[in-house]
Amino acid sequence: MTGRLTRVLHGPSVSKQTWRYRALTFSLTFLLYTSFHLSRKPISIVKSELHKNCSSVGDTWSSAGTPSSLTPPPRDHCSWKPFDKSNYKQLLGAMDYSFLCAYAVGMYLSGIIGERLPIRLYLSVGMLFSGLFTCLFGLGYFYNIHNLGFYIFVQVANGLVQTTGWPSVVTCIGNWFGKGRRGLIMGLWNSHTSVGNILGSLIAGYWVSSNWGLSFMVPGLIIAAMGLVCFLFLVERECSAIFTLSVFRIVRCSRCNFWNLCDLQSYDTELLLPRDSVRVQVQPVVVVKSQEPGAISFMGALNIPGVVEFSLCLLFAKLVSYTFLFWLPLYMTKAAHLDAKRAGDLSTLFDVGGIIGGVLAGVVSDKLGMRATTCAVMLLLAAPTLTSVLCSGMLLVCGGLVNGPYALITTAVSADLGTHKSLKGNARALSTVTAIIDGTGSVGAALGPLLAGLLSPGGWDQVFYMLMASDFIALLVSALCALRLTHCSKPLGLT
């Protein structure tokens, strides 16, 4: 696999310098988006600390030498206000929904704004503000803040600024890598989601019992630091300007775009003047001015064949994936009577399967040249596994079949559609297309956990019926998409 990845990065006709910049872009964007997921994870870890089992805390308080009947434990020692009330589940859920809804709404605007600004600057500023708002949540612990509005505001603001990440990193990867083996490259690259979740859990869990403020402060500082790294080292794309005289070689964007100064088209005419000691006839050298295509409109992006269909498919696929993400550990504790740690450890198999499924979906779609068909087949096979997640092997398979189409659509398919032949080479549309697809998917990510919370009191069977219905709708949409694209998008391998 390593040798194959090297061949994909290098390619038969790619210079050694270009290969280095491709490897840098692959690694750097992987780490950048890993830090995004690393900063999102602490809230799910800290929830158990915001509302504790007060009876167990009282027992600990009494065993320490203080008679619990005379001196009860302080209320703040048990739970963190305002999450100490009986409706704490609704309050904790409100923070989740505020982040996910803000993320879904902001994603539609993010791509439109992002393609009109330098990606390096846009992404760096977004990461710095993400670090700021993540740290602000942690500061609530140090400054003893118990206002629900403060935490909701932080979650909404963080959800909005985090939308700068996904369209930017997908655009960078799409700019540097061709379409030939894009599925394999992005299947491997998309594992940053699981890596970030794992690292975020470890970092947040280290301080959650002693000082949960640091569970947010440390990830916030990490993503802010990565924002500075992004500003200094990210190379957005490769471009070239060919000078008419043979004494000049091709000047590539990978060499001159350290500060994003490769817009050589602004020079209409240059005169090459010889030294004073040499008398040579002055000859004008004309550099052809290439007009940068204008940014695509929102409706223009929707008119690209496949954007609407894949967006709807991702909505239902992401609904299933995020429902498992938020509710799977709780389901295991209730249905299989596992303790919280065991349930959490076992639920990671779903993420491991997602890594395998993402790579497998990319490889198969590259070989067959059929993105939509690959998604449809995996969604069809996923349906029977949804109700068998208590088995470790089936949980691994379910994670691969559910997250495979999700990973393929958000990466390779988005990059394919953003460079569709109907755009006539306008690569600036990639950010908007990616934002539309992932923004629609984020609506499903917000709806899934919400529906699970409403249906679970009536029995877990209702939750799984909802998941199977969503999987079936995603299957239906992807099948219709494959039929539509059979005739109009064969060169892109979307069918």
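**Exercise 1. Which residues in H11 meet which residues in H12?**

Before we start: this is a predicted model, where local features need pLDDT of at least 70 and side-chain atom pairs count only at pLDDT 80 or more, while totals for chains, interfaces and linings use all residues. Residues are numbered from 1 along each chain as its sequence is written, and side-chain values use heavy atoms, with hydrogens and water left out.

Solution, step by step.
- Find the helices: H11 covers residues 192-207 and H12 covers residues 212-233. Helices here are DSSP runs (H or I, at least four residues), numbered from the N terminus.
- Look for contacts, meaning heavy atoms within 4.5 Å. On the H11 side you get Ile203, Ala204 and Trp207, and they meet Trp212, Leu214, Ser215, Val218, Pro219 and Ile222 in H12.
- Sort them by class: eight are nonpolar, one is polar and none is charged. (Ala, Val, Leu, Ile, Met, Phe, Trp, Tyr, Cys and Pro count as nonpolar, Asp, Glu, Lys and Arg as charged, and the others, Gly among them, as polar.)
- Check the geometry: the axes of H11 and H12 come within 7 Å and cross at roughly 145°. Axes are lines fitted to C-alpha atoms, for helices over the stretch in contact, and angles run from 0 to 180 degrees between N-to-C directions.
- Add the hand: H11 passes H12 in a right-handed crossing. (Left-handed means the near helix is turned anticlockwise from the far one by less than a right angle, and right-handed means clockwise.)

**Exercise 2. Describe how H6 packs against H8.**

Solution, step by step.
- Take H6 (residues 88-114) and H8 (residues 148-161): their axes come within 7 Å and cross at roughly 30°.
- That angle makes H6 roughly parallel to H8, since angles under 35 degrees count as roughly parallel.
- The H6 and H8 crossing is right-handed.
- Residues making the contact include Leu91, Met95 and Phe99 of H6 and Tyr151, Ile152 and Leu160 of H8.
- By class, this H6 and H8 contact has 11 nonpolar, five polar and no charged residues.

**Exercise 3. Now try H7 and H9.**

Solution, step by step.
- The axes of H7 (residues 119-142) and H9 (residues 165-176) come within 9 Å and cross at roughly 145°.
- This crossing of H7 and H9 is left-handed.
- Ile119, Tyr122 and Leu123 in H7 meet residues of H9, among them Val169 and Cys172.
- Five residues of the H7 and H9 contact are nonpolar, four are polar and none is charged.

**Exercise 4. Spot the backbone oddities.**

Solution, step by step.
- Keep the background in mind: most residues other than glycine have a negative phi, and most peptide bonds are trans.
- Go to the loop between H5 (75-78) and H6, where Pro82 lies. The peptide bond from Lys81 to Pro82 is cis, with omega near 5°.
- Move on to the loop between H7 and H8, home of Asn144. Asn144 isn't a glycine, yet its phi is positive, about 55°.

**Exercise 5. Which elements give two or more residues to the lining of the largest cavity?**

Solution, step by step.
- Pick out the lining: Thr323, Phe324, Trp327, Leu328, Tyr331, Trp460, Val463, Phe464 and Leu467.
- Match them to elements: helix H15 (307-335) and helix H20 (460-488) are the answer.
- H15 gives the most, with five residues.

Conventions: Angles under 35 degrees count as roughly parallel, over 145 as roughly antiparallel, 65 to 115 as roughly perpendicular and the rest as oblique. On a 1 Å grid over the protein atoms alone, a cavity is a set of points where a 1.4 Å probe fits but cannot get out, and a pocket is an open set with protein on both sides within 12 Å along at least five of seven lines; lining residues have an atom within 4 Å of a point.
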